[in-house]
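Welcome! Let's take a friendly walk through a protein model, one question at a time.

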Amino acid sequence: MFIELDGWHAKLRFSACHLIPDHPKCGRLHGHTYAVSVRIEGSQAGQFIIDFEDVKRIVMGVCDRLDHRILLAMDDPRLKITKDDGYYTVELIKSCKHYVLPADDVKLLPIPSVSAEDLCKYFLNEISTAIRNNGFADNITNLHVRVDEGIGQGAGCNISLA
Ligand SMILES: [Zn+2]
């Protein structure tokens with residue numbers, strides 16, 4: 001058995017700015033509205049597999065940390081990121097251009113790129129950790145996460161929690 005939350009309809013959404021270095025179009029700073037959908041498989045513990053409200057709170061907690069930020073991938077070898085006096089300087093090594101961004105506007109992520117795929121892995125890790133830390137995991141066997149970058153395109157991944 002499973003429960004599902006659709007990020008668009010359940011309002012598990014955030015808007016953010018990113019770039020994909022060296023991509024002909026996506027190499028320029030631009031934004032998306034993202035939606036995070038989850039499917040949680042397991043057996044019922046009492047009436048629920050897990051309370052929808054608990055799932056929403058966990059997912060929105062992660063979304064809120066990224067919402068209306070410029071997302072930067074800390075582990076992207078195509079970027080050189082330095083911080084000085086409240087600003088990040090982001091150099092795109094191959095294209096010889098750089099951005100200077102207010103540190104408060106930036107969210108650094110421990111991922112190799114801000115693609116839908118790598119964002120999805122980030123959300124999977126954050127959500128599965130939160131599920132385990134909140135003691136929900138005993139009856140839950142699998143967690144699936146999908147991150148949509150706009151309507152109609154997204155990336156999915158899953159992890160076993162059994
Ligand atoms: Zn994009």
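The questions below go from the whole chain to single residues of this predicted model.

Q: In what order do the elements of the protein chain run from the N terminus on?
A: It helps to begin with the counts: the secondary structure of the protein chain comes to two helices and 10 strands. Reading from the N terminus on, the order is β-β-β-α-β-β-β-β-β-α-β-β.

Q: What share of the residues of the protein chain count as buried?
A: Picture first the space that the chain takes up: along the principal axes, its C-alpha atoms fill a box of roughly 55 × 35 × 25 Å. The surface that the protein chain exposes is about 8700 Å², and carbon and sulfur atoms supply 50% of that area. Residues under 20% relative accessible area are called buried. Of the 162 residues of the protein chain, the share that count as buried is 45%.

Q: Among contacts in the protein chain between residues at least 6 apart in sequence, what percentage join residues at least 24 apart?
A: A contact here means heavy atoms within 4.5 Å. Taking the contacts between residues at least 6 apart in sequence, the part that joins residues at least 24 apart is 62%.

Q: Which residues coordinate the zinc ion?
A: In sequence, the donor residues follow the spacing H-x11-H-x1-H. Two of them link distant parts of the chain, with H18 in strand β2 (residues 13-18) and H32 in strand β3 (residues 30-42), 14 residues apart. Each donor atom is an NE2 at 2.0 Å, and the residues are H18, H30 and H32.

Q: Is H18 buried or exposed?
A: The cut-off for buried is under 20% relative accessible area. H18 has a relative accessibility of 2%, so this zinc donor counts as buried.

Q: How many residues does strand β4 give to the lining of the largest cavity?
A: A search of the whole structure finds one cavity of 30 Å³ or more, and about 50 Å³ of space lies in the largest cavity. Its lining is made up of L19, P21, L71, L72, A73, D76, R78, L79, S113 and V114. Strand β4 (residues 69-73) gives the most to this lining, and its number of residues there is three.

Q: How many residues in the lining of the largest cavity are nonpolar?
A: We can sort the lining residues into three groups. One is polar and two are charged, while the number that are nonpolar is seven.

Q: Which residues does I70 touch, not counting residues up to four places away in sequence?
A: I70 lies in strand β4, and its 12% relative accessibility is why I70 counts as buried. Its C-alpha atom is 34 Å from that of F2, a residue 68 places away in sequence. Setting aside residues up to four places away, I70 touches C17, L29, L101, D105, V106 and K107.

Q: What is the phi of K11 near?
A: K11 lies in the loop between β1 (2-5) and β2. With a relative accessible area of 56%, K11 is exposed. Its phi is positive, in a residue other than glycine, and is near 60°.

Q: Where is H68 found?
A: H68 is not a glycine, yet it has a positive phi of about 55°. Its relative accessible area is 64%, so H68 is exposed. As for its place in the chain, H68 is found in the loop between α1 (52-66) and β4.

Q: How far apart in space are D6 and V36, C-alpha to C-alpha?
A: D6 is found in the loop between β1 and β2, and at 30% relative accessibility D6 counts as partly exposed. Apart from neighbours within four places in sequence, D6 is in contact with K11, S37 and R146. D6 and V36 are 30 residues apart in sequence, and their C-alpha separation is 7.3 Å.

Q: What distance separates the C-alpha atoms of C26 and C120?
A: C26 lies in the loop between β2 and β3. Not counting residues up to four places away in sequence, C26 touches L19 and I20. C120 is 94 residues from C26 along the chain, and the distance between their C-alpha atoms is 18 Å.

Key:
Residues are numbered from 1 along each chain as its sequence is written. This is a predicted model: local features need pLDDT of at least 70, side-chain atom pairs count only at pLDDT 80 or more; totals for chains, interfaces and linings use all residues. Side-chain values use heavy atoms; hydrogens and water are left out. On a 1 Å grid over the protein atoms alone, a cavity is a set of points where a 1.4 Å probe fits but cannot get out, and a pocket is an open set with protein on both sides within 12 Å along at least five of seven lines; lining residues have an atom within 4 Å of a point. Grid points are joined across faces, edges and corners, and a volume is the space filled by probe spheres set on the points. Helices (H or I, at least four residues) and strands (E, at least two) are DSSP runs, numbered from the N terminus. Ala, Val, Leu, Ile, Met, Phe, Trp, Tyr, Cys and Pro count as nonpolar, Asp, Glu, Lys and Arg as charged, and the others, Gly among them, as polar. Donors are N, O and S atoms within 2.8 Å of the metal (3.2 Å for Na, K and Ca); water is not among the atoms, so sites may look incomplete. Buried means under 20% relative accessible area, exposed over 50%, partly exposed in between (1.4 Å probe, protein chains only). Accessible areas come from the Shrake-Rupley method with a 1.4 Å probe; for residues, only the protein chains shown count as cover.
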